[in-house]
Amino acid sequence: MRLELVTGDITTERVDAIVNAANSSLLGGGGVDGAIHRKGGPAILAACRDLRAGAYGGGLPTGQAVATTAGNLPARWVVHTVGPVWHESEDRSSVLQDCYRNSLRVAAELGAASVAFPLISAGVYRWPRADAVSHAVTTIRAEAAHPVTLVRLVLFDEATRNVAEQVLGQG
Ligand code: AR6
């Protein structure tokens with residue numbers, strides 16, 4: 001599996017699946033979630049509503065992942081996952097790692113060969129940037145023998161990209 005760092009907006013990624021840093025409601029929000037729903041159009045929200053009316057009546061639990069159409073986006077699918085909110089006195093790292101692992105598994109089950117991730121939990125959910133990058137990179141790299149052959153970690157700005165370059169350099 002190849003891991004690439006990219007700076008920019010994940011909604012423009014031409015990969016099989018992009019991952020959404022969603023919330024348990026699956027019904028949209030701010031950050032990357034808001035951008036995906038805005039640019040992907042109403043088909044994504046309709047698919048999320050169907051999930052809520054079916055197997056995910058109680059919402060999507062933190063750390064898990066589920067796929068929908070990508071609507072008008074260049075990707076084929078959106079894999080929605082729910083990152084943990086950063087907490088000073090509780091180590092929620094394993095749940096953050098679950099987000100990457102489960103998203104890759106769901107993408108692979110769909111037949112996706114390429115997947116783009118945002119930096120899950122690093123915005124509204126306040127996870128410290130360098131630590132979020134470190135978990136992302138470590139977890140993705142540990143899936144080396146995965147059927148997904150290309151993973152892009154999409155960093156929203158140059159500052160985050162620089163942090164990611166440093167973390168990768170150390171690894
Ligand atoms: N492309 C790539 N990365 C982005 C984009 C984009 N278009 N927009 C933001 N980011 P966040 P979270 C970066 O807040 O912390 C939502 O309201 C952003 O700079 O999107 O997991 C959901 O509904 C940051 O580095 O997700 C949830 O309620 C990273 O993506 C909650 O926020 C993640 O920031 C989830 O919070």
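This is a short walk through a predicted model, going from its confidence scores to a pair of helices and then to some individual residues.

Let us begin with how far the coordinates can be trusted. The protein chain has a mean pLDDT of 96, and 99% of its residues reach 70 or more. At the level of the whole model, the scores are ipTM 0.99 and pTM 0.98. Where pLDDT is low, predicted coordinates should not be read in detail.

Now to the helices. Two packed helices are described by the angle between their axes and the distance between the axes. Here, helix 1 covers residues 31–40 and helix 2 covers residues 42–53. Their axes come within 6 Å and cross at roughly 115°. Because angles from 65 to 115 degrees count as roughly perpendicular, helix 1 is described as roughly perpendicular to helix 2. On the helix 1 side, the contact is made by Ile36, His37 and Gly40, while helix 2 contributes Pro42, Ile44, Leu45 and Cys48. Sorted by character, the residues of this contact are five nonpolar and two polar, with no charged ones.

Stay with helix 2 for a moment, since Leu51 lies there too. Is Leu51 buried or exposed? Its relative accessibility is 17%, so Leu51 counts as buried, the cut-off being under 20%. Setting aside residues up to four places away in sequence, Leu51 touches Leu26, Tyr56, Gly57, Val66, Ala67 and Thr68. One of these partners, Ala67, is 16 residues from Leu51 along the chain, with 9.5 Å between the two C-alpha atoms.

Further along the chain, the loop between strand 5 (114–117) and helix 4 is home to Ser121, and Arg126 is placed in the loop between strand 5 and helix 4 as well. Both are worth a look in a backbone torsion plot. Ser121 has a positive phi of about 75° although it is not a glycine. For Arg126, phi is near 65°, again a positive value in a residue other than glycine. As for solvent access, Ser121 is buried at 4% relative accessibility, whereas Arg126 is exposed, with a relative accessible area of 52%.

Next comes helix 4 itself, residues 129–141, where Thr138 is found. Thr138 is partly exposed, with a relative accessible area of 48%. What does its side chain reach? A polar atom of the Thr138 side chain lies 2.6 Å from the backbone oxygen of Ser134. For a sense of scale, Thr138 and Arg14 are 124 residues apart in sequence and 24 Å apart in space, C-alpha to C-alpha.

Leaving helix 4, the chain enters the loop that leads to strand 6 (150–155), and His146 is found in this loop. Although His146 is in a loop, it counts as buried at 15% relative accessibility. The His146 side chain reaches the backbone nitrogen of Val148 at 3.2 Å. Not counting residues up to four places away in sequence, His146 also touches Met1, Leu104, Arg105 and Ala108.

The last stop is the stretch around helix 5, which spans residues 158–170. Asp157 sits in the loop between strand 6 and helix 5 and counts as partly exposed at 33% relative accessibility. Which residue does the Asp157 side chain join in a polar contact of 2.5 Å? The partner is the side chain of Thr160, a residue of helix 5. Thr160 is buried, with a relative accessible area of 7%.

Leaving aside neighbours within four places in sequence, Asp157 is in contact with Thr7 and Arg129, and Thr160 is in contact with Leu119, Arg129 and Leu155. Arg129 therefore appears in the contacts of Asp157 and in those of Thr160, contact meaning heavy atoms within 4.5 Å. Asp157 and Asp9 are 148 residues apart in sequence, yet their C-alpha atoms are 8.9 Å apart in space.

Also in helix 5 is Ala164, which counts as buried at 0% relative accessibility. Beyond its sequence neighbours up to four places away, Ala164 touches Leu5, Val133 and Leu155. Ala164 and Gly29 are 135 residues apart in sequence and 25 Å apart in space, C-alpha to C-alpha.

Notes
Residues are numbered from 1 along each chain as its sequence is written. This is a predicted model: local features need pLDDT of at least 70, side-chain atom pairs count only at pLDDT 80 or more; totals for chains, interfaces and linings use all residues. Side-chain values use heavy atoms; hydrogens and water are left out. Axes are lines fitted to C-alpha atoms, for helices over the stretch in contact, and angles run from 0 to 180 degrees between N-to-C directions. Helices (H or I, at least four residues) and strands (E, at least two) are DSSP runs, numbered from the N terminus. Angles under 35 degrees count as roughly parallel, over 145 as roughly antiparallel, 65 to 115 as roughly perpendicular and the rest as oblique. Ala, Val, Leu, Ile, Met, Phe, Trp, Tyr, Cys and Pro count as nonpolar, Asp, Glu, Lys and Arg as charged, and the others, Gly among them, as polar. pLDDT is the predictor's confidence in each residue, from 0 to 100. Buried means under 20% relative accessible area, exposed over 50%, partly exposed in between (1.4 Å probe, protein chains only). A polar contact is a pair of N or O atoms within 3.5 Å; within protein, one must be able to donate a hydrogen and the other to accept it, and residues adjacent in sequence count only if both atoms are side-chain atoms.
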